[in-house]
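Colleague: I have a model open on my screen and would like to learn how to read it. Could you walk me through the features one by one?

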Amino acid sequence: GVIFPYHPRLGRYTLNFHEAQQACLEQDGILASHDQLHQAWLEGMDWCNAGWLEDGSVQYPISRPREECGRKDTPVGVRNYGYRHKESEHYDAFCFTSNLNGKVYFLKTFRKLSYSEAVQACKNNGAAVAKVGQLYAAWKIQLLDRCEAGWLEDGSIRYPIVNPRARCGGREPGVRNLGFPDKKYKLFGVYCFKKAAEAPPVVAAGHPKR
């Protein structure tokens, strides 16, 4: 599976615990466990914003200590704020997704699209606009690599990079996030998600009817 940090259009540190749970579900994930976050940190995850985990604790993984992330002279590791108040305190979320029962793809269109046009374009293609968790799963599991920014279902603009190159957002692989632009006036491509075709019903073998 794969962990992805998440915050909604409202901005950073706007989710209480229950809202974080809901936000992950809406993006095709669940709140991550400490073990999952620790594993992601071992694999190089470095994220400077604290997020809720499934047990109600708030943590964040640091691989490259720096001043703006709790000082440069602190050790690497998963920083832990401990258990926080689930209703009144607000952070981001660390979500986890492991299954992708379908395919995420960048839809080829003649021109860039507004958000509502993107929704319609995927629909016309027999698909839906991909969720953040689906794009992360496609990046990790299907090795989706596309240097084109596209709409996702939550109104954010992202693109997945497996093989980093200079013009595609830096030296690290990952899912690039360009934030939440104006849905009506900003134009981009779109990532669609098409469910795996359901297997045809199995006909029970038996004697032909006379």
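Modeller: Happy to! Keep in mind that this is a predicted model. Let's begin with charges: a network of salt bridges links D46, R64, R66 and E68.

Colleague: What is the general idea behind a salt bridge?

Modeller: Side chains of opposite charge can pair when their charged atoms come close. In this structure the count comes to 10 salt bridges.

Colleague: Which residue forms a salt bridge with R12?

Modeller: The partner of R12 is D92, and their closest N and O atoms are 3.3 Å apart. R12 sits in the loop between β1 and α1 (17-26), while D92 belongs to strand β6, so this pair ties together parts that are 80 residues apart in sequence.

Colleague: Are R12 and D92 buried or exposed?

Modeller: R12 is partly exposed, with a relative accessible area of 40%. D92, by contrast, is buried, at 2%. Buried here means under 20% relative accessible area.

Colleague: What other pairs could I look at?

Modeller: Try E89 and R84, whose side chains meet in a salt bridge at 3.1 Å, N to O. E89 is partly exposed at 22% relative accessibility, and R84 is also partly exposed, at 30%. Another pair is R146 with E148, where the closest N and O atoms are 2.5 Å apart. R146 has 25% relative accessibility and counts as partly exposed; E148 is partly exposed too, with a relative accessible area of 32%.

Colleague: Now for the nonpolar side chains. How should I think about those?

Modeller: In soluble globular proteins, nonpolar side chains tend to be buried together. Here, the largest nonpolar core has 47 residues, and I3, F94, V104 and Y191 have the most contacts inside it. Helix α4 provides the largest share of this core, six residues. Both domain 1 (2-96) and domain 2 (100-195) contribute at least three residues each to this core. There is also a second, separate core of 14 residues, with Y105, V129, W151 and C192 among them.

Colleague: Let's turn to pockets. How much space lies in the largest pocket?

Modeller: A pocket is an open set of points with protein on both sides. In the largest pocket, the space comes to about 950 Å³.

Colleague: How many residues line the largest pocket, and which lie nearest its centre?

Modeller: The lining has 31 residues, and M45, D46, W47, P173 and G174 lie nearest the centre. You have already met D46, as a member of the salt-bridge network with R64, R66 and E68.

Colleague: Which element gives the most to that lining?

Modeller: That is β1, with five residues. Elements that each supply at least two residues of the lining are β1 (2-6), α2 (34-42), β6 (92-97), α4 (132-141) and β11 (174-177). At the level of domains, domain 1 (2-96) and domain 2 (100-195) each give at least three residues to the lining of this pocket.

Colleague: And what is the chemical character of the lining of the largest pocket?

Modeller: By class, 13 of its residues are nonpolar, eight are polar and 10 are charged.

Colleague: One last stop, a loop. Where is G169 placed?

Modeller: G169 lies in the loop between β10 (157-161) and β11. G169 is partly exposed, with a relative accessible area of 46%. From G169 to Y159 the separation is 10 residues in sequence and 9.7 Å in space, C-alpha to C-alpha.

Conventions:
Residues numbered from 1 in each chain as written. Predicted model: local features only at pLDDT ≥ 70, side-chain atom pairs only at ≥ 80, totals over all residues. Heavy atoms only, no water. 1 Å grid on protein atoms, 1.4 Å probe; cavity = no way out; pocket = protein on both sides within 12 Å on 5 of 7 lines; lining within 4 Å. Points joined across faces, edges and corners; volume = space filled by probe spheres on them. Helix = DSSP H or I, 4+ residues; strand = E, 2+ residues; numbered from the N terminus. Nonpolar A, V, L, I, M, F, W, Y, C, P; charged D, E, K, R; others polar. Domains from an automatic or database assignment. Salt bridge = Lys/Arg side-chain N within 4 Å of Asp/Glu carboxyl O. Buried < 20%, exposed > 50% of the residue type's maximum accessible area, 1.4 Å probe, protein only. Core = buried A, V, L, I, M, F, W, Y, C linked by side-chain atoms within 4.5 Å.
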